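Visitor: Hi! I've got a protein structure open and I'm a bit lost. Could you walk me through it?
Guide: Sure, let's take a look together.

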Amino acid sequence: MAILKIARMGHPVLARPADPVADPTAPEIRQLIADMVETIVDAPGQGLAAPQVHVPLRVAVFLTPPEGSEQKRELVTLVNPRWRPLGGEQDLAWEGCLSVPGLRGLVPRYTRIAYEGILPDGSTLAREVEGWHARVVQHELDHLDGILYPQRMTDLKDLIFESEFKHRVAANGPQRELEE
Ligand code: NI
C-alpha cells in the first residue's frame, strides 16, 4: 500500500486519453486500485482516476453519495468504464479536483446517465444514476479522456479560488460541492 503523488493541471498525463486495461483482474491492477483508495482517503477526496496518479490506464475510484449524506457511502471502482447520457437535461454544480488544487468551478453535467465498468473481481457493474452520482462519474471518466473540469465550463467567471467559494457559501448557504 502506498499514498501516490497526484499529478496537477499542466502535466501531460492529464491531457491524453488513457489506455484500456488488458486484464482488469491482474495483481498489478488490484495493487493500483488499493493505492488509489489509500490516496483519496489521505487527500481527502471523493474520487480519483489513474492518470491523476501518473498511471495512464482506464481505472477510476469514487465515493458516493457525497460526504455529509445520511446514507452509507459506497466505494465504487471501475476498470475500462463507459458512460452515456440519458436524455439531454443538464444541471450546474460546483466541482473541485485534486489535480486543480485551490480552485472551484461551476460545471454543467448531464443530470442522468448510464454507466458500466468492470469491477476488480472481473464482474461487470451497469447502472443508471442521477444527480451527484451522475456528476462524479462524468468528472472521473473525463479524466480517462484527458479532460479536466475547467474544459467543461461554459463561463470561466465561475472558476474561482476556494477561499472565495467559501465566502459564497457563507453568503448563499451550502451548495453542492464535489472535491475529487
Ligand atoms: Ni478530478
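**A walk through the model**

Guide: Let's begin with H54, which is partly exposed because its relative accessible area is 32%. Keep in mind that this is a predicted model.

Visitor: Okay, where is H54 found?
Guide: H54 is in the loop between β1 and β2. Its phi is near 70°, a positive value in a residue other than glycine.

Visitor: Why point that out?
Guide: Because most residues other than glycine have a negative phi. N80 is another residue to look at: its phi is near 50°, also positive, and N80 isn't a glycine. N80 is found in strand β3.

Visitor: And which peptide bond next to P44 is cis?
Guide: The bond joining A43 and P44, with omega about -15°. P44 lies in the loop between α1 and β1. You can also look at the bond from T64 to P65, which is cis with omega near -5°. P65 has its place in the loop between β2 and β3.

Visitor: Let's switch to the strands. In what order do they sit in the open sheet?
Guide: The open sheet has 5 strands, in the order β1-β2-β3-β6-β7, with antiparallel pairing. At the edges are β1 (47-49) and β7 (124-130), each pairing on one side only. On average, neighbouring strands of this sheet are turned by 40° against each other, ignoring direction.

Visitor: How many bridges join β6 to β7?
Guide: 7 bridges, and the two strands run antiparallel. If you want a spot to zoom in on, R112 stands opposite E130 in β7.

Visitor: What about the helices, which strands does α1 lie across?
Guide: Helix α1 (residues 27-42) lies across β1, β2 and β3, and runs at about 40° to β2. Then there's α2, which packs on the sheet and touches β1, β2, β3, β6 and β7. The direction of α2 makes about 160° with that of β2.

Visitor: I don't see β4 and β5 in that sheet order. How do those two pair?
Guide: Strand β4 (residues 90-96) and strand β5 (residues 103-110) pair in the antiparallel sense, over 6 bridges. They form a hairpin with 6 residues between them. In the turn, G102 has a positive phi of about 85°. For one bridge, take Q90: its partner in β5 is Y110.

Visitor: There's a metal too. Which residues are the protein donors of the nickel ion?
Guide: C97 through its SG, H139 through its NE2 and H143 through its NE2, lying 2.1 to 2.3 Å from the nickel ion. Their spacing in sequence is C-x41-H-x3-H.

Visitor: Why are H139 and H143 separated by about one helical turn?
Guide: Because they are 4 residues apart in helix α2 (residues 131-143).

Visitor: Are those two buried or exposed?
Guide: Both H139 and H143 are buried.

Visitor: New topic: how many aromatic pairs does a search of the whole structure find?
Guide: 3 of them. One is F62 with Y115: the ring centres are 6.3 Å apart and the planes are at 70°, so the pair counts as edge-to-face. F62 lies in strand β2 (residues 59-64) and Y115 in strand β6 (residues 112-118), so this pair ties together parts 53 residues apart in sequence. Both F62 and Y115 are buried.

Visitor: Got another one?
Guide: W83 and Y110 form a tilted pair, 6.1 Å centre to centre with 55° between the planes. W83 is in strand β3 (residues 74-85) and Y110 in strand β5, 27 residues apart, so to speak a link between distant parts of the chain. W83 counts as partly exposed because its relative accessibility is 26%, and Y110 counts as partly exposed at 26% as well.

Visitor: What sits over the ring of F165?
Guide: The charged end of R104, 5.5 Å from the ring's centre. F165 is found in helix α3 (residues 162-172), and with 2% relative accessibility F165 counts as buried.

Visitor: Last one: where is T111, and what does T111 touch?
Guide: T111 has its place in the loop between β5 and β6. T111 is buried, with a relative accessible area of 13%. Leaving out residues up to four places away in sequence, T111 touches E89, Q90, D91, V129, E130, G131 and A134.

Terms used. Residues are numbered from 1 along each chain as its sequence is written. This is a predicted model: local features need pLDDT of at least 70, side-chain atom pairs count only at pLDDT 80 or more; totals for chains, interfaces and linings use all residues. Side-chain values use heavy atoms; hydrogens and water are left out. Two strands pair if DSSP finds at least two bridges between them. Donors are N, O and S atoms within 2.8 Å of the metal (3.2 Å for Na, K and Ca); water is not among the atoms, so sites may look incomplete. Buried means under 20% relative accessible area, exposed over 50%, partly exposed in between (1.4 Å probe, protein chains only). Rings of Phe, Tyr and Trp (its six-membered ring) pair if their centres lie within 6.5 Å; planes under 30 degrees apart count as stacked, over 60 as edge-to-face and the rest as tilted. A charge sits over a ring if NZ of Lys or CZ of Arg is within 6 Å of the ring centre and within 35 degrees of the ring normal. Axes are lines fitted to C-alpha atoms, for helices over the stretch in contact, and angles run from 0 to 180 degrees between N-to-C directions. Contact means heavy atoms within 4.5 Å.
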